[in-house]
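Hi everyone, thanks for making time for this. I'd like to walk you through a structure, so have a look at it first and then we'll go through it together.

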Amino acid sequence: MSQESDLVDNLKSELGGKFESLIVALMTPPIMYDVTCLRDAIKGAGTDEKGLIEILASRLPNEVNEIKSLYKREHNDDLEEDVTGDTGGHFGRMLVVLLQASRQQGIQEDLIQSDAQALLAAGEQKYGTDEGQFITILGNRSNAHLRRVFEEYRKLSGYEIEESIQRETSGTLQEVLLAVVKCARSVPGYFAESLYNSMKGAGTDDQNLIRIMVSRSEVDMMDIRTEFRKRFATSLHKTIQGDTSGDYRKALQLLCGGDDA
């Protein structure tokens with residue numbers, strides 16, 4: 001048994017609850033942590049769609065490929081098959097597209113106009129919705145390309161793409177499409193919003209809060225803090241302060257870093 005797993009086991013017997021979950025998560029290497037979260041999302045009681053969506057919509061293609069091979073190595077299962085077995089319909093199809101990690105690179109100037117028109121024809125201009133078209137375009141184009149498509153879409157339709165997705169789709173498909181759009185616009189912005197939603201109102205979604213704070217702490221936490229401040233007129237640090245307590249709060253605030261007054 002490795003020293004690290006000994007340490008994790010000792011910590012588990014000493015600690016408890018949310019603080020324990022946070023510390024154990026921090027001791028897990030990043031790709032391994034994603035694998036663990038995905039495995040729990042699929043194999044836990046019910047499916048944690050939020051976890052699946054958040055990881056698969058925000059990770060870079062090379063990260064998704066690393067996640068898939070580590071998942072296979074750890075669990076001797078195919079992540080794509082497990083996701084397909086656990087989700088269905090258009091939602092499952094979109095997750096599989098994201099798992100294929102084959103987003104194109106760069107901006108394809110000649111497709112911007114036609115992509116925007118295709119999205120418009122698939123939703124607002126159609127009786128019913130051609131979900132397949134949304135899945136293909138949002139699942140395969142680069143973020144930089146999608147930002148240009150969204151701009152063109154607004155000029156053509158007078159709507160933001162988010163508004164159309166809200167009108168034209170529902171349930172988990174809507175959630176994953178919106179997550180992809182938000183990540184295309186700004187990954188730190190997407191996480192700032194998710195963190196805010198984890199803490200606003202009564203109760204805290206600790207599972208979500210821990211997952212984001214741990215997985216982004218060494219990636220883009222400064223940018224998330226900036227976006228949080230811009231969008232919610234308060235700081236992430238203060239929001240954590242008001243919503244959590246004890247060692248759990250201290251540890252989250254350390255991950256956050258400073259306060260953005």
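I'll go from the domains to the helices, then to a few loop residues, and end with the cysteines.

Before anything else, please keep in mind that this is a predicted model.

Let's begin with the overall layout. The domain assignment splits the chain into domain 1 at 3–89, domain 2 at 109–184 and domain 3 at 187–255. If you take the centres over C-alpha atoms, domain 2 and domain 3 sit 28 Å apart.

Now to a pair of helices. Please find helix H11, residues 161–168, and helix H12, residues 171–185. Their axes come within 10 Å and cross at roughly 175°. An angle over 145 degrees counts as roughly antiparallel, so H11 is roughly antiparallel to H12. Which residues of H11 and H12 make the contact? From H11 we have Ile161, Glu162, Ile165 and Gln166, and from H12 come Gln174, Leu177, Leu178, Val181 and Arg185. Sorted by class, that contact of H11 with H12 holds 5 nonpolar, 2 polar and 2 charged residues.

If you follow H12 onwards, you reach Ser186, in the loop between H12 and helix H13, which covers 187–199. Is Ser186 buried or exposed? Its relative accessibility is 16%, and buried means under 20%, so Ser186 counts as buried. Setting aside neighbours within four places in sequence, Ser186 is in contact with Glu227 and Arg231.

Next, over to helix H4, residues 49–58. Here 8 of the 10 residues are buried, so H4 is largely enclosed by the rest of the structure. The buried residues of H4 are Gly51, Leu52, Ile53, Glu54, Ile55, Leu56, Ala57 and Ser58. You'll notice that Glu54 is on that list too.

Let's move along to the loop between helix H5 (61–75) and helix H6 (79–86), where you'll find Asp77. Asp77 has 24% relative accessibility and so counts as partly exposed. Not counting residues up to four places away in sequence, Asp77 touches Arg39, Tyr71, Lys72 and Asp82.

Asn76 has its place in that loop between H5 and H6 as well. At 64% relative accessibility, Asn76 counts as exposed. What about the backbone? Most residues other than glycine have a negative phi. Asn76 has a positive phi of about 55°, although it is not a glycine.

Ala233 also has a positive phi of about 55°, and it is not a glycine either. You can spot Ala233 in the loop between helix H15 (221–232) and helix H16 (236–243). Ala233 is exposed, with a relative accessible area of 67%.

Finally, a topic for anyone who has ever reached for the DTT. How many disulfides does a search of the whole structure find? The count is 0. Why does Cys183 have no such bond? A disulfide needs two cysteine sulfur atoms within 2.5 Å. For Cys183, the closest cysteine sulfur belongs to Cys37 and is 16 Å away, which is too far for a bond. Cys256 has its closest cysteine sulfur in Cys183, at 19 Å, so that is too far for a bond as well. As for where these side chains sit, Cys183 is buried at a relative accessible area of 3%, and Cys256 is buried at 2%.

That's my tour, and I'm happy to take questions.

Conventions:
Residues are numbered from 1 along each chain as its sequence is written. This is a predicted model: local features need pLDDT of at least 70, side-chain atom pairs count only at pLDDT 80 or more; totals for chains, interfaces and linings use all residues. Side-chain values use heavy atoms; hydrogens and water are left out. Buried means under 20% relative accessible area, exposed over 50%, partly exposed in between (1.4 Å probe, protein chains only). Domain bounds come from an automatic or database domain assignment. Axes are lines fitted to C-alpha atoms, for helices over the stretch in contact, and angles run from 0 to 180 degrees between N-to-C directions. Helices (H or I, at least four residues) and strands (E, at least two) are DSSP runs, numbered from the N terminus. Angles under 35 degrees count as roughly parallel, over 145 as roughly antiparallel, 65 to 115 as roughly perpendicular and the rest as oblique. Contact means heavy atoms within 4.5 Å. Ala, Val, Leu, Ile, Met, Phe, Trp, Tyr, Cys and Pro count as nonpolar, Asp, Glu, Lys and Arg as charged, and the others, Gly among them, as polar.
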